[in-house]
Amino acid sequence: MNRIKKGDQVVVTTGGNKKKHKLLKGQVGEVLRVEGDRVYVSNLNLVKRHTKPNPQAGQPGGVIEREASIHISNVMPFNPATGKGERVATKVLENGKRIRVFRSSGEAI
């Protein structure tokens, strides 16, 4: 079971965008998608991509700003109760279903 899933609130624990000299550490955002060991977080790690127009797909050309991936080891699930990123454990319920819980408080994510 992955400790981070789509839709989770995460906080960036380390890293930055070297081209923009912008620190990502401490910023909070929502996970848009998870691809293997990389995550895409909304409005974090933005990059500009120059694209050609594609009339068949209805795509205009120009400079498009979008999210770049962050390694999954550099983000932690965000606990709104404490206001910090916290570690995650899995807990097996009586019916055999597994859920993710915060290690500090034991409450479900």
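## Contacts and strand pairing in a predicted model

The charged end of Arg-33 lies over the ring of Tyr-40, at 3.8 Å from the ring centre. A charge sits over a ring if NZ of Lys or CZ of Arg is within 6 Å of the ring centre and within 35 degrees of the ring normal. This is a predicted model, in which local features need pLDDT of at least 70 and side-chain atom pairs count only at pLDDT 80 or more, while totals for chains, interfaces and linings use all residues. Residues are numbered from 1 along each chain as its sequence is written, and side-chain values use heavy atoms, with hydrogens and water left out.

Side chains of opposite charge can pair when their charged atoms come close. The whole structure holds two salt bridges (a side-chain nitrogen of Lys or Arg within 4 Å of a carboxyl oxygen of Asp or Glu).

| Salt bridge | Closest N to O |
|---|---|
| Arg-100 with Asp-8 | 2.7 Å |
| Arg-33 with Glu-35 | 2.8 Å |

Arg-100 belongs to strand 12 and Asp-8 to the segment before strand 1 (9-12), so their salt bridge ties together parts that are 92 residues apart in sequence. Arg-100 is buried, at a relative accessible area of 11%, and Asp-8 is also buried, at 11%. Buried means under 20% relative accessible area, exposed over 50%, and partly exposed in between, with a 1.4 Å probe and protein chains only. In the other salt bridge, Arg-33 is partly exposed at 40%, and Glu-35 is partly exposed at 42%.

Helices (H or I, at least four residues) and strands (E, at least two) are DSSP runs, numbered from the N terminus. Two strands pair if DSSP finds at least two bridges between them. Six strands form an open sheet with antiparallel pairing, in the order 8-5-4-1-9-10. Strand 8 (70-71) and strand 10 (84-85) are its edge strands, and each pairs on one side only. Strand 9 (residues 75-79) runs antiparallel to strand 10, and two bridges join them. Phe-78 stands opposite Gly-85 in strand 10.

Strand 12, which holds Arg-100, also takes part in a hairpin with strand 11. Strand 11 (residues 88-92) and strand 12 (residues 98-102) run antiparallel and are joined by five bridges. Lys-91 stands opposite Ile-99 in strand 12. Five residues lie between the strands of this hairpin, where Gly-96 takes a positive phi near 95°.
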